[in-house]
Amino acid sequence: MGHKGLDKIIALQKNPANIRNLCILAHVDHGKTTLADCLVASNGIISSRLAGKLRYLDSREDEQLRGITMKSSAISLHYAFGEKEYLLNLIDSPGHVDFSSEVSTAVRLCDGAIVIVDAVEGVCPQTQAVLRQAWLENIRPVLVLNKMDRLISELKLTSLEAFTHLQKILEQVNAVTGALFTSKVLEERAEKEEQKEKKEQRERDSSGSQAGESQAAETPGADQVYDWSAGLEETDDSHLYFSPDQGNVVFASAIDGWGFSIQQFARIYSQKMGIREEVLCKTLWGDFFLNAKAKKIMKGAQAKGKKPLFVQLVLDNIWTLYDAVVTKRDKEKVEKMMTSLGVKVMARDSRHSDPKVLLSAICSQWLPISQAVLSMVCEKLPSPLDISTERVERLMSVGARQFDSLPERTQELKNAFVQCSSAAEAPVIVFVSKMFAVDAKALPQNKQRPLTHEELAERREQARQRHADRMAANQQAQSSAGSAQLSSDTQSTQPAVTKIPGGEGDPIQMESLAAVKEPEVEEVAKDTFVAFARVYSGVVRRGQKVFILGPKYDPAQGLNMLPEGCMASDSVPEVPHLTCCTLDSLYLLMGRELEELDEVPSGNVLGIGGLEDFVLKSATISTSPACPPFIPLNFEATPIVRVAIEPKHPSEMPKLVRGMRLLNQADPCAEVLIQETGEHVLVTAGEVHLQRCLDDLRQRFAKIEITASKPIIPFRETVVRPPKLDMVNEELGRQQKTAIIHQVKEEAPQSRFSDTLHVDPGGLVTITTPNRLATVGVCALPLPTEVTCLLEASSELVRTLEQVNMSLREGRSLTVSPRTLEDIAHLKARLAALLQGHKWKNAVEHIWAFGPRRYGPNILLNSVEGYQRPSVWQCLDPAEKGAEPCAAALRDLDNSIVSGFQLATLSGPMCEEPLMGVCFSVERWDLQQTRARPEPPSRAAAPDSEGAEAGEVVPEDGGAGLEAAAAATPEEEAGPGQVTRHWAGAGSAGCYGPVSGQLIAVMKEACRHAFQARPQRLMAAMYTCEIMATAEVLGRVYGVLGKREGRVLHEEMKEGTDMFLISAVLPVAESFGFADEIRKRTSGLASPQLVFSHWEVIASDPYWVPTTEEEYLHFGEKADSANQALKYMNAVRRRKGLYVEEKTVEHAEKQRTLGKNK
Ligand SMILES: Nc1nc2c(ncn2[C@@H]2O[C@H](COP(=O)(O)OP(=O)(O)OP(=O)(O)O)[C@@H](O)[C@H]2O)c(=O)[nH]1
Ligand SMILES: [Mg+2]
């Protein structure tokens, strides 16, 4: 980039009113990067001939190879619109679902978005997803209907048909926005109503106490009119919708370089036809036609069978042009059209064998796409100054906190956001949405830039000086006569040499360059990280000291702990989640290039170097400790595909570990963890994402050869109600049912608790600890599906609930916003509504804990007679806060029961996968009151408890090592407070003595047996998958789906096209290679998008063996032919090194015959 361009951008950065931060969003392949190319070309960064072919912002090699974008990247452009100059910070985002986290990182930094929709395909799943993202982040979208050329050349629609088609697509897009809007309005209305009610209540209370008599008259509600309207009517939503007459829609073909808004045509025709521009703007789109006789524009084109204005004045022109240039190749007509349009093309373009070249040469002059899109952007998208208070409040309200509950000084910062001021006193607020890796060589400070004239002159002077010095030295040494000639030689050669810095002819130049280059060599091998960020307030300067606020930073705590007026440059006391750092370098993001900047004013997108040690993935940066961390990015994709990774040469392990750490930092969505077995595991959003991560590891971060395991597929374990039918659809009698359930248990290997284990026919399992001090009785019940779903969906809320409970137990107070309390109350009410029936009577009140990890979708229920413990809902009821549970000893061991439950739910007995949708009801819990007697020293207890002592959790089957320990940590964290409190009372027997340890183990074992006493099932993770396919390949798509256990949900024809849209669900376990297979079988005509959706119970019972005669007949003795669940279960067990019951070869002779036949 030239210095002039850079200077201009630096100047424009200072005027936020003329800045637009925007991203391009769309479904995969709808043409985002192609459009970005056109916009980039308008700034002369790439040649306009290459626009659309280069895909400049797809800078990675694999992006170019695969033809899809994999990361979001930014570029700053300038645009002169009217009299004003604008700075556009444009971010291109990927459309593939696997990379949707990159969309989130882009959307957060923007104020507006260009949403692209393919004019043929219309609204696709990702279109909906990105519209939702834009909506959630409160940014304003404009629409580009791209690939209009496909309507002409592929679908071969007439201009009138195309008009109807476009109208339909617009309706689809608006339907999505409409749905988002309605849900929001309804939500807001409900909130308003509630507030009003509360206010009224308050008023009533106060008036009641003040003036008793007037109360009746004043009480509102006496003559209340019930309002049944939803509040939608009174809310103006017209600005939300896309409509060409609003100026927020552009029709385009990015590949051919043209695009227009109807305003452009209105301008052209108002001059030509003498109709007022405003009238044309209102009527060019819609059911209007031109009455030539009356010289009027009239309504009702469709009813009267007339050509709508849009067709007559706009589309027909384009259709004719395509017809003449591409289809008929009618030179004369083209010439004529060019003259009437006032377009001139170069001779080589009009002679080109490909008519598309001529077409885009004409179109890009007639209706340049960059102009149409950029003027719409400047006019319709908000500037950083227009940031709404609503958006600011949302950004600042983290977790359970609401904006109102933030400290006052924090609330004051809202003004800084709204003013977006670059004044000296404005606090600096910056948000980093992701870290991206840059080759250190590519950093501007390490790059050799062309020298300026002054620098050239200076260098020349230096070289001359040095040379002269040396000459002088030489002269002194040898007083020969040739010196005069030499110096004249140098004078003549030097200018030529300095033009080519480092050119070979000049030893002096070489020498000086070598000196400069040396320190670089080390850096070259390294990747550095640059933060992708935006300034919301103040001016960031190079070398400035700032606070980095982690996501858990609490401004209230920070303000308390830091001295008044504390700056990041002072020596700051330690505050949790707050660090200080210096901003090393600031960059202007220019797609593949970076330009160094000294300062960046408010309202701009920028890159920040040198943060890699302070920021993992995202962070908030500020000069004020009152600044709250921004709400976390809203990710749509769930990372679900796991693989274990190891280096090819074991000695390279440290490199792999380092590489994985870097990858974790560089990717917003990838997760890297070490599993209990010591494996290094990478979790990604999907297959394509996985591939990209592996490539990155190999080529960039670890730079070693690695091997990746087959994807590790997650499962869940659950129990179900006993089946009513057997496998051949015969009714099962009651006895048979129990027989089926118990056949497993009899075969189960003897556990070390088996001497005290008792299972009653109802499924109640009782076990006593080896020291005979405690006995627990547990039974397992399947939770209703809705409850499981609700718990899954509310996991964040349950986690908050658990935190609140924990702090209540420890006697700390945690301020919870009323909103969160309301949410908790709502959750409770919904659970109560769903847990109906005799079995679940009062269950909600008796919930003891959730698990695994204290927030999972399983419930521990307290059905112990006479044991009153504080409910998990205690935070809802302030009166209960002080109520202490009955006995301290009971309370201590309460934790052991919960821990045992957490361990049991973390890894189930089928294949050590987490449980889901299971309720463990503790029916019995007897404690021998011998606790006053000191326990024998642990040596005596050891043989019994086999290491499961002192509260330490020792996994007995290698399945739950690390994770189990992790689950137990909250326990230990919570522990100390209680331990110290109760030590005195409990005498010498500590609560973490052998009893509690044994109780944990026994509880876990009881849960596992109770689980096994029910019909067990595996649950598989399911993808939803949307496939677009033409009628010819539909059959093959169904074939592939069927083979892979997929289930078609529905199929519909996309209006106006010959495409079918198929929605299906597919087990994740069967999804690997699915996209490729579909693409191959349909010769690339169908391409599926897979998104994780839910967990589903696999109907078949993995432990099933035939019991009835019919079943023997039907399935044979082994019945191992079609048991999908068994296959999955054994695969997992094998992977984990667990015992797998396998067939040995039974009919060896058959194998021999096979061999002979070969
Ligand atoms: N016919 C036609 N093809 C287009 C047009 N614009 C883009 N394409 C083609 O569509 C394909 C995808 O274009 P991209 O720009 O890479 O799409 P994208 O939206 O960036 O895709 P992702 O980044 O992977 O989501 C390319 O083959 C383009 O040549 C257009 O206006 N008309
Ligand atoms: Mg792209």
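**Salt bridges, burial and local geometry in a predicted model**

Across the whole structure, a search finds 36 salt bridges. The model is a predicted one. Its chain holds 37 helices and 34 strands. Of the 1158 residues in the chain, 51% are buried. The accessible surface of the chain amounts to about 55,800 Å². Carbon and sulfur atoms contribute 52% of that surface. Among contacts with a separation of 6 or more, 75% link residues 24 or more positions apart.

Side chains of opposite charge can pair when their charged atoms come close. Several of the pairs found here involve buried residues. D58 and R55 form one salt bridge, with 2.6 Å between the closest N and O atoms. D58 and R55 are both buried. E63 pairs with K71 in another salt bridge, where the closest N and O atoms lie 2.9 Å apart. E63 has a relative accessible area of 0% and is therefore buried. K71 has a relative accessibility of 17%, so K71 also counts as buried. The cut-off for burial is under 20% relative accessible area.

A further salt bridge sits within a helix. The side chains of R692 and D696 meet at 3.4 Å, N to O. Both residues belong to helix α24 and are four residues apart, about one turn of the helix. R692 and D696 are each buried. This pair is part of one network, in which salt bridges with shared partners join R60, D62, D667, R692 and D696.

Helix α2 was examined for its surroundings. The helix spans residues 32-41, and ten of its ten residues are buried, so α2 is largely enclosed by the rest of the structure. The buried set includes the charged residues K32 and D37. It also includes T33, T34, L35, A36, C38, L39, V40 and A41. These residues pack against four strands and a helix: β1 (19-26), β2 (73-81), β3 (84-92), β4 (112-118) and α16 (369-380).

Burial recurs in helix α32. This helix covers residues 994-1012 and contains A1010. A1010 is buried because its relative accessible area is 0%. Leaving aside neighbours within four places in sequence, A1010 is in contact with G763, V765, V778, C779, A780 and F920. A1010 and L781 are separated by 229 residues in sequence. Their C-alpha atoms are 8.8 Å apart in space.

On the surface, positive charge gathers in a patch made of K441, K526, R658, R661 and K703. Two of these residues were placed in detail. K526 lies in the loop between α21 (507-524) and β11 (527-537). Its relative accessible area is 46%, so K526 is partly exposed. K703 occupies the loop between α24 (687-701) and β23 (706-708). With a relative accessible area of 48%, K703 is likewise partly exposed. Helix α24, which precedes the K703 loop, also carries the R692 and D696 pair.

Backbone geometry sets K703 apart for a second reason. K703 is not a glycine, yet its phi is positive, near 55°. C420 also has a positive phi, about 50°, and is not a glycine. C420 is found in the loop between α18 (408-419) and β10 (429-439). Its relative accessibility is 3%, so C420 counts as buried. Thus a positive phi appears in a buried loop residue, C420, and in a partly exposed one, K703.

The peptide bond between G851 and P852 is cis. Its omega is about 0°. P852 is placed in the loop between β28 (847-851) and β29 (858-862).

Note on methods: Residues are numbered from 1 along each chain as its sequence is written. Chains are lettered from A and ligands numbered from 1 in the order in which they are written. This is a predicted model: local features need pLDDT of at least 70, side-chain atom pairs count only at pLDDT 80 or more; totals for chains, interfaces and linings use all residues. Side-chain values use heavy atoms; hydrogens and water are left out. Patches are made of residues with over 30% relative accessible area and no salt bridge: like charges are joined within 9 Å, nonpolar side chains (Val, Leu, Ile, Met, Phe, Trp, Tyr) within 5 Å. Accessible areas come from the Shrake-Rupley method with a 1.4 Å probe; for residues, only the protein chains shown count as cover. A salt bridge is a side-chain nitrogen of Lys or Arg within 4 Å of a carboxyl oxygen of Asp or Glu. The place of a charge is taken as NZ of Lys, CZ of Arg, CG of Asp or CD of Glu. Helices (H or I, at least four residues) and strands (E, at least two) are DSSP runs, numbered from the N terminus. Buried means under 20% relative accessible area, exposed over 50%, partly exposed in between (1.4 Å probe, protein chains only). Contact means heavy atoms within 4.5 Å.
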